[in-house]
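Biologist: Hi, could you walk me through this one? I'd like to hear about the annotated site and the pockets.

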Amino acid sequence: MLSATVRELVKSTAPVLKTHGEALTRHFYARMFQHNPELKQVFNQGHQQSGQQQQALAMAVAAYAEHIDDPSVLGPVLERIAHKHVSLSVRPEQYAIVGKHLLASIREVLGDAATDELIDAWAAAYGQLVDVLVGIESRMYAEAATKEGGWSGWRGFKVVGKVPESAEITSFYLRPVDGGPLPDYQPGQYLSVRLYLPEHGLVQPRQYSLSDAPGKDSLRISVKREAAGAGPAGQVSNRLHDHVQEGDVLDVAPPCGDFVLRRDGQGPVVMISGGVGITPMMAMLNTLLARQQAGEAARELRFVHACRQASVHAMRDEINEAARQHANLRRHVFYEHVAEGDRQGVDYDYAGRIEWQRIADDVVLPEADYYLCGPLPFMRDQHDALRARGVPAERIHAEAFGTGGPGW
């Protein structure tokens, strides 16, 4: 337990961190990569170049300082960070390296304001945070390794299928090279895939949602090709699309992630996605339909999806076939741009972006759970629309595609 003096000292830095936290975290990452360049292979260098990782860390550090009296308030955030760390095989000994550079950065950026007393307080606070995260991650590693078909760290998987789903998204079907069984996982979780990028001379991990129900003879991830610039942003997805073929072997970490289908849910389920956010929704949808076919009571299912145009509409035929076979499933598809030849009622249902006044009567259902995935602005719009229509906040479950990599 941290002393009152330590807590007060850490809390006193919260306003400074809110204002200048990003400058601190930029300095921290530059310092750490200079002294420990091997950690570049753990962190998403694309997010480093875009500034997303620095922003995420600055927000996390400021929130920790603000809630140092009761860090349990940050429990859900720490759980999500732990999932990401386990997916990247972050190990306890690496926290010491991060801590050394974080404390040094506080001293170097704050200058005279960073007294020895303040640095000691932050060292104690960081130690408390590490104890919490290592505890959560140790449990997750043990669960991942001891479950049927599970493992810890990285495992070789052979690509046994490569299927284009749209102009931007391709599915990869994966089986263990060792011939062992596949693990169960929760629909909504993701896999980390690690590839060597020869043009940058380093290995880079990325997370991709599992896009089918568990219990199949392979794991399916569906990857959007991201525009590649001068840096590593988009390089992993482009290498998967352009160079990885059937028969190739990928390093894969065990399924992780806390954006998952509720196990205890009984009522309607509404899945709302934008763009590549459709991928975890397919895992949820196919899981619910498989349970229904196995004898569970049918639940009202709604599948709402928005994309730019027909060419980037992934899994269209798979969803249409599911809706044809299951009367309890109804879809609402929005195309921002409709072209000649697009078939309303088959390819799409509505032109433009999601308009809730057109679908609310069918989609806003009593006791329903809502699952949202897509770009952050899309998520905010859908969340606000649901809340405006009386949906309780605890019924809305969201995962925005964004910053990957460790949330130190």
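Modeller: Happy to; we can take the annotated site, then a pocket, then the domains. Bear in mind that this is a predicted model.

Biologist: Great. Which residues does UniProt give as "active site"?

Modeller: The UniProt record, an unreviewed entry, puts that feature at Tyr 95 and Glu 137. They span 43 residues in sequence, yet their C-alpha atoms are no more than 12.3 Å apart, so they gather at one spot.

Biologist: Where does Tyr 95 sit, in which helix?

Modeller: Tyr 95 belongs to helix α6, which covers residues 92-110.

Biologist: And Glu 137, which helix is that in?

Modeller: Glu 137 is part of helix α7, residues 116-146.

Biologist: Is Tyr 95 buried or exposed?

Modeller: Tyr 95 counts as buried, because its relative accessibility is 3% and the cut-off for buried is under 20%. Glu 137 also comes out at 3% relative accessibility, so it counts as buried.

Biologist: What does Glu 137 touch, leaving out residues up to four places away in sequence?

Modeller: With those left out, Glu 137 contacts Ala 82, His 85, Val 86 and Tyr 95. That list includes Tyr 95, the other position in the UniProt annotation.

Biologist: Nice. Switching to pockets: what volume does the second largest pocket have?

Modeller: The volume of the second largest pocket is about 360 Å³. It is lined by 21 residues, and those closest to its centre are Glu 143, Lys 147, Gln 186, Gln 189 and Pro 255.

Biologist: What's the chemical mix of that lining, in nonpolar, polar and charged residues?

Modeller: The lining of the second largest pocket has 9 nonpolar, 5 polar and 7 charged residues.

Biologist: Which helix gives the most to that lining?

Modeller: That would be α7, with 4 residues. Helix α5 (75-87) supplies at least two residues of the lining, as does α7.

Biologist: And where does the second largest pocket lie relative to the domains?

Modeller: Domain 1 (4-146) and domain 2 (155-256) both contribute residues to its lining, so the pocket lies between them.

Biologist: Which domains does the assignment give for the chain?

Modeller: Besides domain 1 (4-146) and domain 2 (155-256), the assignment gives domain 3 (269-400).

Biologist: Last one: what distance separates the centres of domain 1 and domain 2?

Modeller: Taken over C-alpha atoms, the centres of domain 1 and domain 2 are 28 Å apart. Their contact involves 14 residues from domain 1 and 15 residues from domain 2.

Terms used: Residues are numbered from 1 along each chain as its sequence is written. This is a predicted model: local features need pLDDT of at least 70, side-chain atom pairs count only at pLDDT 80 or more; totals for chains, interfaces and linings use all residues. Side-chain values use heavy atoms; hydrogens and water are left out. UniProt positions are given in the numbering used here, feature names are shortened, and annotations may be inferred rather than shown by experiment. Buried means under 20% relative accessible area, exposed over 50%, partly exposed in between (1.4 Å probe, protein chains only). Contact means heavy atoms within 4.5 Å. On a 1 Å grid over the protein atoms alone, a cavity is a set of points where a 1.4 Å probe fits but cannot get out, and a pocket is an open set with protein on both sides within 12 Å along at least five of seven lines; lining residues have an atom within 4 Å of a point. Grid points are joined across faces, edges and corners, and a volume is the space filled by probe spheres set on the points. Ala, Val, Leu, Ile, Met, Phe, Trp, Tyr, Cys and Pro count as nonpolar, Asp, Glu, Lys and Arg as charged, and the others, Gly among them, as polar. Domain bounds come from an automatic or database domain assignment.
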